[in-house]
Amino acid sequence: MSERDEVGLTLVVRKPCFGLPTGCPDCLPLFIYLRLANLPFHLDFNPVYPDSDKIPYVETGDYVAYNNERGGVIECLRQDGIVDLDTEVLSVPEWVSAKSMVSSWLADAILYELWLGTDGSSAQKIYYSDLPWPIGKVLFLKKVHSVKLQLGINKENPERREEQIYRNANLAYGALSTRLGEQNFLFENRPSSLDALVLGHVLFALQALPETSVLRSKILEHGNLVRYAEKYMTELIEVGTSSPPSSSSAHSGSGASSSAPRRGPYNWSSKPKTKTKKEKTKEEKTFRRRAKYFVATQLVAVLLFLTLMGRADDAEVELDDDDEGYDYSE
């Protein structure tokens, strides 16, 4: 740990927007978790892989924890003994149930709102605004298709699934609002990863989703959740916004990195990053060799997606022609 402390912890996230240090709904809870833990870290941005499931990730020395590993970065940090806010609540059944509810119901609700329930402008700004328009648009449509599969939405059940998603989210907000009351934290009068997840969810919904958002309107019905989020928006996020801008150097990571400086309007770091040069790991060298193929593979994926979608549309047209004159309504 001494070597890691000396090098410092770097949190790599998607770019800031909507008045948040990062506009990504996956990255924001991790940012808040590290703030709640009072763990000094440097904030960095990665614009190269806009929809990579490795982001967010943290690195310190030769240690890297990615979002798609072992249940996410927060769980990795806890298991590896770097920072753990959940020691006192892991055995509390109500806490376990509440975290499961937030990680499933509310995660599904944000996913639905971001990609399907609104006009998609927020998602475009977060993930694809730095890409050429045709590529960004096709990747957006590809992601929409993937989200529908993930949420179990098909041609027969879109209204039913939408109603279920919003109903679950509303139940979750009611339960969290009752649990919070007028306390500072949800359990044991101390911060935990549950607080980070809830704060990240509420702040993202209030700041990033449009005013027409159903999810946003449901949160606004619970005044104590809104006050809770606003309190920590001020204490954990807005602190340091008066710091002068700084250009952060690029960091190499095995799977998500940039060869150019990552951009951000402010230096959100809790502590300046130690500018010590470290020897590149084997994974980093491998990543650099493969980085030049990224654009090509993305284009191939786009072409395959368009081809498959085109064939699916042709099949639907043929099916409609064959079925003309038949009524399948119940």
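**Group meeting talk: a strand in the middle, and what surrounds it**

Let's start with a pairing: strand 1 and strand 3, residues 57-60, run antiparallel to each other and are joined by three bridges. Before I go on, please keep in mind that this is a predicted model. Within that pairing, Leu-11 faces Val-58 of strand 3.

Now for the other partner of strand 1. Strand 2, residues 41-45, runs parallel to strand 1, and five bridges hold the pair. Here Leu-9 is the residue that stands opposite Phe-41 in strand 2. As a general reminder, strands in a sheet pair through backbone hydrogen bonds, and they can do so in parallel or antiparallel fashion.

So what order do the strands take in the sheet? The order is 2-1-3-4, in an open sheet of four strands with mixed pairing. Strand 2 and strand 4, residues 63-66, are the edge strands, each pairing on one side only. If you ignore direction, neighbouring strands in this sheet are turned by 20° against each other on average.

How do we get from strand 1 to strand 2? Together with helix 2, residues 27-36, the two strands make a right-handed β-α-β unit.

Let me stay with strand 1 a little longer. How many of its five residues are buried? Five of the five, across residues 9-13, so strand 1 is largely enclosed by the rest of the structure. The side chains go both ways: Leu-9, Leu-11 and Val-13 point to one side, Thr-10 and Val-12 to the other, and all are buried.

Next, the loops, which have some backbone geometry you may enjoy. In the loop between strand 2 and strand 3 we find Pro-56. The peptide bond that joins Ile-55 and Pro-56 is cis, with omega at about 5°.

Two residues have a positive phi without being glycine. One of them is Phe-18, with phi of about 60°, in the loop between strand 1 and helix 2. Asn-38 is another, with phi near 55°, and its place is the loop between helix 2 and strand 2. Is Asn-38 buried or exposed? At a relative accessible area of 67%, Asn-38 counts as exposed because the cut-off for that class is over 50%.

Phe-18 comes up again when we turn to rings and charges. Lys-125 lies over the face of Phe-18, 5.0 Å from the ring centre. A second case involves Lys-54, whose charged end sits over the ring of Tyr-66 at 4.5 Å from its centre. Tyr-66 belongs to the edge strand we met earlier, strand 4 (63-66).

As for rings with rings, searching the whole structure turns up nine aromatic pairs. Which residues do ring pairs link into a cluster? They are Trp-115, Tyr-127, Tyr-128 and Phe-140.

Last stop, the cysteines. How many disulfides does the structure hold? Zero. Take Cys-17: the nearest cysteine sulfur belongs to Cys-24 and is 9.2 Å away, and Cys-17 is in no disulfide. A disulfide here needs the two sulfur atoms within 2.5 Å, which is why that distance rules the pair out. Cys-17 is also buried, at 9% relative accessibility. Cys-76 is buried as well, with a relative accessible area of 0%.

That's my tour. If you open the model afterwards, try strand 1 as your starting point, with strand 2 in parallel pairing and strand 3 in antiparallel pairing. Thanks for listening!

Note on methods
Residues numbered from 1 in each chain as written. Predicted model: local features only at pLDDT ≥ 70, side-chain atom pairs only at ≥ 80, totals over all residues. Heavy atoms only, no water. Phe/Tyr/Trp six-rings, centres within 6.5 Å; stacked < 30°, edge-to-face > 60°. Lys NZ or Arg CZ within 6 Å of the ring centre and 35° of its normal. Buried < 20%, exposed > 50% of the residue type's maximum accessible area, 1.4 Å probe, protein only. Pairing = 2+ DSSP bridges. Right-handed = clockwise from strand over helix to strand, strands pointing away. Axes fitted to C-alpha atoms, helices over the stretch in contact; angles between N-to-C directions.
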